[in-house]
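Q: Got a minute to go through a structure with me? I'd like to get a feel for the fold before I go back to the bench.

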Amino acid sequence: MHSAAPGVEVVGEAGDGAEAVLLAAETGPDVILMDIRMPGMNGIEATERVLARAADPAPRILVLTTVDLDEYVYGALRAGACGFLL
């Protein structure tokens with residue numbers, strides 16, 4: 001995996017939303033950085049699926065995007081993301 005800041009361990013990297021859902025279930029991360037726009041399943045749907053399948057405590061999901069659209073922000077937050085970064 002990647003090197004990370006002290007105290008941070010990167011446990012997975014997904015190429016699309018479906019892979020992100022599978023990796024989250026396998027690794028049980030504390031925090032997920034989720035891109036909104038991915039091939040296949042988008043980040044909003046992946047966020048919903050990760051949280052629906054997560055053990056307690058569920059991971060905190062921060063959604064990332066380069067596109068400044070309010071619909072993405074609202075969709076991500078409705079899906080259960082705890083934050084949104086542009």
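A: Let's talk through the strands, one of the helices and a couple of single residues.

Q: Is this from an experiment or a prediction?
A: It's a predicted model.

Q: OK, strands. How many bridges join β1 to β2, and do they run parallel or antiparallel?
A: Five bridges link β1 (residues 31-35) with β2, and the two run parallel. One pairing to look at is Val31, whose bridge partner in β2 is Arg60.

Q: And which way do β2 and β3 run?
A: They're parallel, with three bridges between β2 and β3 (residues 83-85). Here Leu62 has Gly83 as its bridge partner in β3.

Q: What sits between those strands along the chain, and what's the handedness of the units?
A: Helices. α2 (residues 43-53) forms a right-handed β-α-β unit with β1 and β2. Then α3 (residues 70-79) does likewise with β2 and β3, again right-handed.

Q: Which residues of β2 are on the covered face?
A: Ile61 and Val63. Arg60, Leu62 and Leu64 are on the uncovered face.

Q: Why that every-other-one pattern?
A: Side chains in a regular strand alternate between the two faces of the sheet.

Q: Switching to α2. Which of its residues are buried?
A: Gly43, Ile44, Ala46, Thr47 and Val50. They lie on the same side of α2, because they span an arc of only 160° around the axis. Ala52 and Arg53, on the other side, are exposed.

Q: What covers the buried ones?
A: The cover includes α1 (17-27), β1, β2 and α3.

Q: Anything going on at the start of that helix?
A: Yes, a side-chain oxygen of Asn42 comes to within 2.9 Å of the backbone nitrogen of Ile44.

Q: Back to Thr47. Why does it count as buried?
A: Because its relative accessibility is 0%, and the cut-off for buried is under 20%.

Q: Which residues is Thr47 in contact with, apart from its close sequence neighbours?
A: Beyond four places in sequence, Thr47 contacts Met34, Ile61, Val63, Ala79, Gly80 and Ala81. Ile61 and Val63 are the covered face of β2 again.

Q: What does the Thr47 side chain reach?
A: The backbone oxygen of Gly43, at 2.7 Å.

Q: Last one: Ala55. Where is it, and is it buried or exposed?
A: Ala55 is in the loop between α2 and β2. Its relative accessibility is 59%, so it counts as exposed.

Q: How far is Ala55 from Glu13?
A: They're 20 Å apart, C-alpha to C-alpha, with a sequence separation of 42 residues.

Note on methods: Residues numbered from 1 in each chain as written. Predicted model: local features only at pLDDT ≥ 70, side-chain atom pairs only at ≥ 80, totals over all residues. Heavy atoms only, no water. Buried < 20%, exposed > 50% of the residue type's maximum accessible area, 1.4 Å probe, protein only. Helix = DSSP H or I, 4+ residues; strand = E, 2+ residues; numbered from the N terminus. Pairing = 2+ DSSP bridges. Right-handed = clockwise from strand over helix to strand, strands pointing away. Polar contact = N/O pair within 3.5 Å; in protein donor to acceptor, adjacent residues only side chain to side chain. Contact = heavy atoms within 4.5 Å. Arc of directions from axis to C-beta.
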